[in-house]
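Please open the model in a viewer and keep the selection tool at hand. The tour below proceeds from the whole chain to single residues.

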Amino acid sequence: SAAEKGGYDWFMLKEIAEQPQAVADTLLGRHTVDGQLQLDEMRLSDDELRDVDKIIIVACGTASYAGLVAKYAIEHWTRIPCEVELASEFRYRDPILDRSTLVVSISQSGETMDTLMAIRYARQQRARVLSICNTNGSTIPRESDAVLYTHAGPEIAVASTKGFLSQIVACYLLGLYLAQVKGTKYGDEIADIVHELEKIPAGIQRMLDDADQVRKLAQDLVGSKSVLFLGRHVGFPVALEGALKLKELAYIHAEGFAAGELKHGPIAVIEEGVPVFVVVPPKARDQLQEKIVSNIQEIRARGARTIVLAEDGDEDVVPYADHLIRMPKVPTLLQPLVAAVPLQVFACELADQLGHDVDQPRNLAKSVTVE
Ligand code: G6P
């Protein structure tokens, strides 16, 4: 009913709007005022954590993209090698696992069969399993050695939104905690990043407040046959997620690419008028921003309609942006938490314009409990 949707037309819109709260709640009580992580709730001892020499993240769909984002942060802070694998592939390839491997599952529902089978397999192989999950008492956390809950609240819409952002946050808390326990030289960054994370709900709120232009853009692009998304570094998984959302909801062909791969293929599909979203890394990030600006030039020269997501004050992109979406200045690793928001709004609005059921897209289920 309309009341359940809190006055929104769709649960998905309501859940998009709840993201500042979902992120704040996932951070709540998990660090001290001076930025020390407190995650004793995970039930893994510091000795067990110091033992970890490899991390493998397993997940499906949007949760796997949260994992791809997390890999950049976890490896940077902890210096522990971290792989990300689709749960449906993991146990069929004879992965190398032992007691010092930490398998991290990510699942909103805690009931996704592929993910459940992956963690069962991991435990049989004696790996330790930590699950990041949004649903208290669901099957995956019950079968795990340790759990870190996301506190996004119930997610009803089939397409995950607040689940996704809170999964990234939980993975970051885990990465920061591991760095703290291990005492890596990146430990100095911990308190800074925690303070930056605390400011993210306000950043997300700003993206929501500015969403009208994104809705208008979706209305303009309603006839698109194909939409592309480009990103680098953590912007790459954001591009993958933007494309997935559009496929799921609007049934439009969409693909996400690593911007650096453009010249190795994707540039061939750029045609006159094809909309291309580009997530531009912060300028402070050595060279990445520069490289992506030249990618934007290249695709625009071939007729693409460029929709550029760039931080406040980045003027380099302005001449090449047919449409500019501004983001607050945040550290590179935190940018996905703001950049994902307009992409969610865009997919939701476009699907709505096409007359689709945004909350229940055809052929999809909220949690896939078959392999
Ligand atoms: C389904 C949903 C997706 C979700 C995926 C993983 O495909 O439609 O939105 O990302 O399952 O779900 P989980 O509950 O494991 O995060």
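**The whole chain**

Begin with the complete protein chain, in which buried residues make up 53% of the 371 residues. The model is a predicted one. In cartoon view, the chain shows 13 helices and ten strands. Its radius of gyration is 20 Å, close to the 21 Å that the globule rule gives for 371 residues, so the chain is as compact as a globular protein of that length. Taken along the principal axes, the box filled by the C-alpha atoms is roughly 55 × 45 × 40 Å. Of the contacts between residues at least 6 apart in sequence, 74% join residues at least 24 apart.

**The ligand and its shell**

Next, centre the view on the ligand. Which residues are the closest to the ligand? They are Gly61, Thr62, Ser107, Ser109 and Thr112, in a shell of 16 residues. By character, the shell divides into six nonpolar, nine polar and one charged residue. Select helix 4, residues 61–78, to display the largest share of this shell, namely three residues.

**The nonpolar core**

In soluble globular proteins, nonpolar side chains tend to be buried together. In this model, the largest nonpolar core has 130 residues. Select Ile57, Ile168, Leu176, Val278, Leu309 and Cys348, the residues with the most contacts inside this core. Helix 8, residues 162–182, gives the most to the core, with 14 residues.

Now select Ile168. Leaving aside neighbours within four places in sequence, Ile168 is in contact with Ala66, Val69, Ala70, Pro336 and Leu337.

Remain on helix 8 and select Ser166, which lies in this helix. Is Ser166 buried or exposed? With 31 other C-beta atoms within 10 Å, where 20 or more are required, Ser166 is buried. Beyond residues up to four places away in sequence, Ser166 touches Ala22, Val23, Thr26, Asn134, Thr150, His151 and Ala152. For a distance check, draw a line from Ser166 to Val129: the two are 37 residues apart in sequence and 19 Å apart in space, C-alpha to C-alpha.

**From strand 6 to helix 11**

Move to Ser226, which is located in strand 6. Ser226 is partly exposed, having 14 other C-beta atoms within 10 Å. Apart from neighbours within four places in sequence, its contacts are Ile252, His253, Ala254 and Val274. A line drawn between the C-alpha atoms of Ser226 and His323 spans 17 Å, although the two residues are 97 apart along the chain.

Follow the chain into the loop between strand 6 (226–231) and helix 11, where His233 is found. His233 has a phi near 55°, a positive value in a residue other than glycine. His233 counts as buried, with 22 C-beta neighbours inside 10 Å.

Then select helix 11, residues 235–250. How many of the 16 residues of helix 11 are buried? The number is 15, and the helix is mostly covered. From first C-alpha to last, helix 11 reaches 22 Å, close to the 22 Å expected at 1.5 Å a residue. Tyr251, just after the helix, takes a positive phi of about 55°.

**Exposed and partly exposed sites**

Select Arg43, in the loop between helix 2 (19–27) and helix 3 (46–50). The phi of Arg43 is also positive, near 65°, in a residue other than glycine. Arg43 is partly exposed, with 13 other C-beta atoms within 10 Å.

Proceed to Pro81, in the loop between helix 4 and strand 2 (82–86). Pro81 has 12 other C-beta atoms within 10 Å and is exposed, since the limit for an exposed residue is 12 or fewer. Its contacts, leaving aside neighbours within four places in sequence, are Lys54 and Glu75. The C-alpha atoms of Pro81 and His233 are separated by 16 Å, with the residues 152 apart along the chain.

Finish at Asp192 in helix 9, residues 188–209. Asp192 is exposed, with 11 other C-beta atoms within 10 Å. As a last distance, connect Asp192 to Arg91: their C-alpha atoms are 38 Å apart, and the residues are 101 apart in sequence.

Methods: Residues are numbered from 1 along each chain as its sequence is written. This is a predicted model: local features need pLDDT of at least 70, side-chain atom pairs count only at pLDDT 80 or more; totals for chains, interfaces and linings use all residues. A residue is near a molecule or strand if its C-beta atom, placed from the backbone, lies within 6 Å of it. Helices (H or I, at least four residues) and strands (E, at least two) are DSSP runs, numbered from the N terminus. Ala, Val, Leu, Ile, Met, Phe, Trp, Tyr, Cys and Pro count as nonpolar, Asp, Glu, Lys and Arg as charged, and the others, Gly among them, as polar. The radius of gyration is taken over C-alpha atoms; the globule rule is 2.2 Å times the number of residues to the power 0.38. Two residues are in contact if their C-beta atoms, placed from the backbone, lie within 7 Å. A nonpolar core is a set of buried Ala, Val, Leu, Ile, Met, Phe, Trp, Tyr and Cys residues joined through C-beta atoms within 7 Å. The expected span of a helix is 1.5 Å times one less than its number of residues.
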